[in-house]
Each structure stands twice: as structure tokens, then as C-alpha cells.
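User: I would like to go through this model with you and ask, point by point, what each description rests on.

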Amino acid sequence: MKIPYLSFEYQHNLMKEELKTACEQVIDSNWFIMGDSLKDFEEKYAKVSNTAQAVGVANGLDALILSLKALNIGAGDEVIVPANTYIASWLAVSAVGATPVPVEPDIRTYNIDVNKIESKITAKTKAILPVHLYGLPCKMDTIMEIAKKHKLYVVEDNAQSHLATHNGQITGSFGDLNATSFYPGKNLGALGDAGAVTGDNEELMDLVKVLRNYGSEKKYYNQVKGINSRLDEMQAAFLAVKLKYIAQLTDQRKEIAKRYDKGLSNIDGLILPYVNEGATHVYHIYLVRTVKRDELMQFLQDAGISPFIHYPLPPHLQEAYKEFEYKIGDFPLTEEIANTCLSIPLYPGLTDDEIDYIIQSVKSFFYKN
Ligand SMILES: *Cc1c(COP(=O)(O)O)cnc(C)c1O
């Protein structure tokens, strides 16, 4: 059996005619940037996110950068980030000239350890940037309390966690401004690059709107130095179609995870995803851990299964961040995750037979070794 890490075939077959119609409507509209499709998607996404507004932008990294810019975070400022994250969360902080200050994860949830945040706060700290990694929400109640106590902004990175909730509240609605990505492989993905900022503060959201379009509200009149990071009409129209299916597709992700949880339980040496109390996991990634990671990966590949590693080298050890002179051992939990993690295929459309084949393959690896 051949099983890819990710396939869009099933979900796109569900909505192919609607996607084609959306494409045709955009072509016939004769309008491709900042039009009705964008406005329509922004309204719908704000509703889903339970925020007053959503602003479409070009991608998830820009959504983070624009959020930080709108909060006037820049040179000389520090932003608390998870040590264990995709590098985009750090790059956004660097892009505005601020310094990312990493905090180790909770080794069970893999998200930022809320007990280690306060010791990293200095007079220069302006914001906390929690990332709901792999689809599991951070402990947002504690993070919001810490932010309030120290008068810090919160910018959620919601790229991997569309529709996840913490104590019943949807992620992407806690922070002052929140960023998300609609990169094709994300739970809610466009057919190209796309992203959004969500939030309730009208003034801040209006500033994001202006910043994404050259700092201009009225064409050819520029109030601030913005960038070009618009979400085009075609992607907005596709996203409006895909948004109708996101709840159903997320439920399917959870069902697949449940089958993995059951099938892979009680294997000595294999750690499964942990879901803390109050959180709903939307399984952008089903991440398991084992000290025999490389061997398991090879074994699965030989069986026709394509697992993935999220992520093999943490941001602090990347050449891009050599300026900080971090070395191996500086963030041991983050490094342990990088060295032991493996993501097994999980996408809507994965059949029970395929899931069972993956479970059987993992089991035979552990029972043979
Ligand atoms: C994908 C991702 C981003 C960046 O999104 P792009 O649309 O690729 O720019 C940021 N943060 C996290 C956690 C991501 O997974």
C-alpha cells in the first residue's frame, strides 16, 4: 500500500464544482485585487473566528509581521516566542527588528510552557506570541493572565489550529491581534498562498488593513509605510468555498486521530499526542515520539508510508539565527522533540484500511525491535 503524507484529492473532490464556479466568477468579475470576494471571505472568516474582524493578507508570515507592526513592535523590543515552533514565528519578530526570546515547551503538550514565561520577561518585553502547535491550543487562560499582569500584547499564531478551542473559546480570538495561514497544507488551505489577521480592536484591525496595502486607505494617498500583502480575489473566493467544509473536515481529522490513539496505545517506547484539559486538538499534525525515530521512519517508508518530521532542526540551532550563538543543549526539551518526533499521515480522506495499515506497520516495527 502506498500512502502519501498528505493528499488533497478527497477534499477537493467534495467541492470541485464549487471551486470551478468560484474561479469562473472571479474571471468574469473583471476584478482581481481588493474586491467583493475578499470582503465576503473576510466577513465569513471573522464569523467563524468569533472576532469582530478578519483581514485577508498574502500569507501567514505576513499576517504575523503585520500584527507586530500594527502593535508598533520593533527595534529594541523583545517578544516571547516558543523555542519549539516552526521558524516563521521567530522570523516575524526578526522581520520587524525585534528580538525573539524563546521559552521551552511543556514536554507533554509540546506548546510553550506557561510556567517558564514570566522568568523571561524584561523591561523590553512587548508581547507574547503563543503558537498552537500541531493543532493543540496553548494554555491561553494563563497566558492572558500573565500578559495582563505585565501589560504585554498577545499575538496568537493560529496557522496550525483552525477551529481549535481552549475552554470553549476558539483559538485566534484571544490575542490583541492574531495571525493565521491558509497555506495549502494547513487545515484550512487555499489553492496557493494566503493568510489572515483576526481581532476585535477596530483601531488595530483598521491599521492592519492599511498596512497590508502600502499604508494606503485612499488610493495613492499613504498614511503610513505599509507593504504589499493583499489576499487576491481568486484565493479569497476559493477560501470561501473551503470554509463551508472546514467543520466537517476537522471532525474527520479528529476521527482519524481517535483511531490512531486506540490502535497505537500501550506500545512500549512510543509516545502519542497528549491533550490537556480544556483543549480540543484539531490534529494539523499527528505527532508521535520515539528514541528510535529514524529507524521507524525508514521502516514506514519501506512499507510505502510517507511520514514527516516537524521539525528536524529547531529555530535556535538554525544558521539563520547564528547571531544569538545558541548551542546544542540550550533548549534541551525542544531538541529532544526535534530528535524524537515523527508525524504520521493524517488528512481527510485517509481510509480506515489505510489507517489500520499504518497502525499495523508501526506495531510490527516495535514488536520486531
Ligand atoms: C505555516 C506556518 C506559518 C507561516 O505561514 P505561511 O502562510 O507559510 O507564511 C507560521 N506559523 C506557523 C506555526 C506555521 O505552521
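User: What makes the space taken by the ligand a pocket?

Analyst: The space taken by the ligand is the largest pocket, where a pocket is, on a 1 Å grid over the protein atoms alone, an open set of points with protein on both sides within 12 Å along at least five of seven lines. The model is a predicted one, in which local features need pLDDT of at least 70 and side-chain atom pairs count only at pLDDT 80 or more, while totals for chains, interfaces and linings use all residues. Residues are numbered from 1 along each chain as its sequence is written, and side-chain values use heavy atoms, with hydrogens and water left out.

User: Why is the contact of Gln160 with the ligand called polar?

Analyst: A polar contact is a pair of N or O atoms within 3.5 Å; a polar side-chain atom of Gln160 lies 2.8 Å from an oxygen atom of the ligand, so the pair qualifies. A side-chain N or O atom of Lys186 is 3.0 Å from a ligand oxygen, and a backbone N or O atom of Leu61 lies 2.9 Å from one, so these pairs meet the cut-off too. Of the 380 Å² that the ligand exposes when taken alone, the protein buries 90% (Shrake-Rupley method, 1.4 Å probe).

User: Why is the pair of Trp90 and Tyr326 called edge-to-face?

Analyst: Rings of Phe, Tyr and Trp (its six-membered ring) pair if their centres lie within 6.5 Å, and planes under 30 degrees apart count as stacked, over 60 as edge-to-face and the rest as tilted. The structure holds 15 aromatic pairs; Trp90 and Tyr326 form one at 6.5 Å centre to centre with 75° between the planes, and therefore count as edge-to-face.

Note on methods
Polar contact = N/O pair within 3.5 Å; in protein donor to acceptor, adjacent residues only side chain to side chain. 1 Å grid on protein atoms, 1.4 Å probe; cavity = no way out; pocket = protein on both sides within 12 Å on 5 of 7 lines; lining within 4 Å. Sits in = over half its atoms within 2 Å of the grid points.
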